[in-house]
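Dear colleague,

I am handing over the structure we spoke about, which you will find just below. After it I have set out what was found, beginning with the open and enclosed spaces and ending with the chain as a whole.

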Amino acid sequence: MTPPGGTSLAVRDAALVAGTGILVMAPLAVFANFGVLENLVTEGDAARTAQDIRGSEALFRFGAVALFLVAVLDVVVAWALRAFFQPVHEAIATLAAWFRLAYAAVLLVAVTQLVGALSPAKGARSLGAYSADQRDAEAVMRVDAFHDIWDAGLIFFGVHLLLLGLLAFRSGYVPRVLGVLLALAGLGYLVDSLGAFLSSGYSAEVSVFTGVGELVLMIWLLIRGRNIGSRPTARGFRTWRSR
């Protein structure tokens with residue numbers, strides 16, 4: 001299964017860039033979420049959270065930098081995936097890339113909230129008129145704002161994965177099951193994000209179970225993506241593109 005001859009080399013290069021980008025961002029995101037935020041933020045306890053941030057300021061800063069790098073890598077991956085799926089349908093591939101770029105932009109805004117949590121947590125002089133409890137509450141509000149903004153951004157990411165799933169399913173050079181997994185991952189993010197908006201008590205985490213799609217995509221891109229162009233063109237590729 002392969003795109004038409006002249007495009008196969010560009011598609012293989014894009015597969016390598018996209019797969020590598022996802023591979024690098026995955027541990028960065030895990031570190032920031034589970035190594036930093038999960039360890040330093042105690043839900044419902046502003047004083048404890050502010051104290052832990054003060055006591056692990058360097059770790060907190062590294063977590064923010066890791067998320068910043070994730071956003072930058074999202075831009076690279078968005079470009080690479082557009083190039084990878086462009087032979088399938090250029091307009092849809094471009095739209096998918098724009099949705100991922102929108103997600104990256106929202107993530108950057110969210111990261112600024114994390115950075116903004118440092119000053120109140122440290123009791124900065126500019127906040128001297130506030131009591132210690134008020135400063136602690138401000139720090140936690142910033143962290144909460146980070147999560148709220150990021151959750152909103154995941155709506156863009158969910159749509160991005162849905163479009164990738166469509167492209168993969170109809171490509172002829174990506175396994176159709178991978179397209180299904182990507183679409184399910186996108187739906188999971190959409191359900192979680194919209195659920196959080198529609199109900200303050202929403203606690204389900206559908207994406208935990210459906211989010212495997214992008215991980216499988218990364219593995220496939222790195223292992224099989226470099227072989228694109230080595231087999232005959234799949235039936236249906238030219239037919240769908242010409243519609």
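**Pockets, patch and cavity**

The largest pocket has a volume of about 1,800 Å³. Its lining is made up of 39 residues, and the ones closest to the centre of the pocket are Asn33, His147, Trp150, Asp151 and Leu154. Please keep in mind throughout that this is a predicted model.

Several helices take part in this lining, since at least two residues of it are supplied by each of H1 (8-40), H3 (57-85), H4 (90-116), H6 (132-171), H7 (176-198), H8 (206-210) and H9 (212-223). Sorted by class, the lining of the largest pocket has 21 nonpolar residues, together with eight polar and 10 charged ones.

On the surface there is a nonpolar patch, formed by Val65, Phe68, Leu69, Val72 and Leu108, and these residues together have about 380 Å² of accessible area. Helix H3 gives the largest share of the nonpolar patch, namely four residues. Phe68 is found in helix H3, and it counts as partly exposed because its relative accessibility is 42%, a value that lies between the limits of 20% for buried and 50% for exposed.

Turning to enclosed space, the structure holds one cavity of 30 Å³ or more, and the volume of the largest cavity is about 30 Å³. The residues that line the largest cavity are Ala78, Leu81, Arg82, Phe85, Ala93, Ala96, Ala97, His160, Leu164 and Leu167. Helices H3, H4 and H6 each supply at least two residues of this lining, and the largest share, four residues, comes from H3. By class, the lining of the largest cavity has eight nonpolar residues, one polar residue and one charged residue. Helix H3 therefore appears in both linings, as it supplies at least two residues to that of the largest pocket and, by the DSSP numbering of helices from the N terminus, is the H3 that also contributes to the cavity.

As for the chain as a whole, its secondary structure comes to 10 helices and zero strands, so that, with elements taken as DSSP runs, the order from the N terminus on reads α-α-α-α-α-α-α-α-α-α. The protein chain has 243 residues, of which buried residues make up 42%.

With kind regards

Note on methods: Residues numbered from 1 in each chain as written. Predicted model: local features only at pLDDT ≥ 70, side-chain atom pairs only at ≥ 80, totals over all residues. Heavy atoms only, no water. 1 Å grid on protein atoms, 1.4 Å probe; cavity = no way out; pocket = protein on both sides within 12 Å on 5 of 7 lines; lining within 4 Å. Points joined across faces, edges and corners; volume = space filled by probe spheres on them. Nonpolar A, V, L, I, M, F, W, Y, C, P; charged D, E, K, R; others polar. Patch = residues over 30% accessible without salt bridge, like charges linked within 9 Å, V, L, I, M, F, W, Y side chains within 5 Å. Areas by Shrake-Rupley, 256 points an atom, 1.4 Å probe, with all protein chains shown as cover. Salt bridge = Lys/Arg side-chain N within 4 Å of Asp/Glu carboxyl O. Buried < 20%, exposed > 50% of the residue type's maximum accessible area, 1.4 Å probe, protein only.
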